[in-house]
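Visitor: Please take one part of this structure and describe it closely. I should like a connected account of a single sheet and the pairing within it.

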Amino acid sequence: MDNKISPEAQVAELELDAVIGFNDIILWDYKKRELLARLSLHKGKIEALAFSPNDLYLVSLGGPDDGSVVVWSIAKRDAICGSPAAGLNVGNATSVIFSRCRDEMFVTAGNGTIRVWELDLPNRKIWPTECQTGQMKRIVMSIGMADDDSFFYLGTTTGDILKMNPRTKLLTDAGPAKDKFSLGVSAIRCLKMGGLLVGSGAGLLVFCKSPSYKPIKKIQLQGGITSITLRGEGHQFFVGTEESHIYRVSFTDFKETLIATCHFEAVEDIVFPFGTAELFATCAKKDIRVWHTSSNRELLRITVPNMTCHSIDFMRDGKSIISAWNDGKIRAFAPETGRLMYVINNAHRIGVTAIATTSDCKRVISGGGEGERLRRNQMILANTLFQCVCYHPEEFQIITSGTDRKIAYWEVFDGTVIRELEGSLSGSINGMDITQEGVHFVTGGNDHLVKVWDYNEGEVTHVGVGHSGDITRIRISPGNQYIVSVSADGAILRWKYPYTS
């Protein structure tokens, strides 16, 4: 789905109900995709959020620096009451879940603390009761509540599951006794038909039942499981992982379909093949991925374990992807199959940090950590760390930017600065690209904004709001149909180019 580059006065909104952030909780209208309210009370990080079953209340859990639990009125957009989330002699609470039947009861849990809370609305108070687990001391990662509130289940870092009774506040059972879930139980969902869906930090998805918790059905997914969301009665469900995979799973045959992927680490570079906007490639740490532009679908993944890819380029004939790696090697891959075609060893001593190819497809130009270069025609000096540079298509000027937040126009002939623009109010500018006609260019950086500039006027014409991390690279597609920007949080955003070709 395309994002629109809006005029500067307009702000694009996200498609979420509630967003966890620092200090603020942002409440959204999901259908209208409008911001309803900003709820500010917590000091620092917010660990978790949960809505009550009838959407009357929202409960929020503060992080280690805050340590409080707050109940908010959805209708009034205001806090009703709050309390310390955990006792003095235990660790922090990190998970929260509401009752499935009552708007007045919820559960918090974390490091050595499990509490059932009751909301006393007339007195604007919440009253906690500690749950007793006997000699069993656990750190809770996840919580699942049964549909009838008869029990709730706690997933722990040690890979076992605790079953608690919310009325008696006592432990009912725990398991599995053997073959515990590797890297902890990171997600739990209770099914109406009975039983549990359990996700582990090692990527194992299991259907099991109390009290044995032995796998009845299981599949291995890629990346630690972070979330499980049911569709309908649970005949189908969706699973998210730490490696930015979203799977759709059918309960009957318990087979997964990969429906969405993305990078889960900072994206270092993005490039389009010469003359086409149908595909583009990105690189992030150990892998290179080729994407279908209009459908956002991943077509190919090339992985080199334990290495970092800094830069990529397509040969103009489209027959190879050239890549720069931190082990000092340049690797070429076939873009259809990902097959390694050749390796240039010892290209640079301190890693290959930049790569480009010539139009005749016979040469590769590389830059390395040691900063070596061939014969220099011209040098430009400024009091900044240059992060990006673009040649004007007519080759009489170049534009640069970097940590000083200024966009500078330079004369190619003698290296003199012609013009300087204030490119950003906050943070470095890391990415820049110019249209093939040289009429407009785009920038992105640590202010998380995509900006479209008029080259001759030196003015911002459009601003795109959508990134939540520092923008690392940005490209205009051949034919000026799209702008694609990538960021340090692994996101890839595709925007509609605001001008018709």
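Guide: In this predicted model, Leu119 has Ile126 of strand E11 as its bridge partner. Arg115 is likewise bridged to a residue of E11, namely Glu130. Both pairs belong to the contact between E10, residues 114-120, and E11, two antiparallel strands joined by 6 bridges; strands are DSSP runs of E with at least two residues, numbered from the N terminus, and two strands count as paired if DSSP finds at least two bridges between them. E10 and E11 make a hairpin with 4 residues between them, and Arg124 in the turn has a positive phi of about 50 degrees.

The hairpin is part of an open sheet of 4 strands, ordered E8-E9-E10-E11 with antiparallel pairing. Strand E8 (93-98) and strand E11 (125-130) are the edge strands; each has a single partner strand, so one side of each lacks a neighbour in the sheet. On average, neighbouring strands here are turned by 25 degrees against each other, direction ignored; the axes are lines fitted to C-alpha atoms, and angles between N-to-C directions run from 0 to 180 degrees. In general, strands of a sheet pair through backbone hydrogen bonds.

As to conventions, residues are numbered from 1 along each chain as its sequence is written. Since the model is predicted, local features need pLDDT of at least 70 and side-chain atom pairs count only at pLDDT 80 or more, while totals for chains, interfaces and linings use all residues, and side-chain values use heavy atoms, with hydrogens and water left out.
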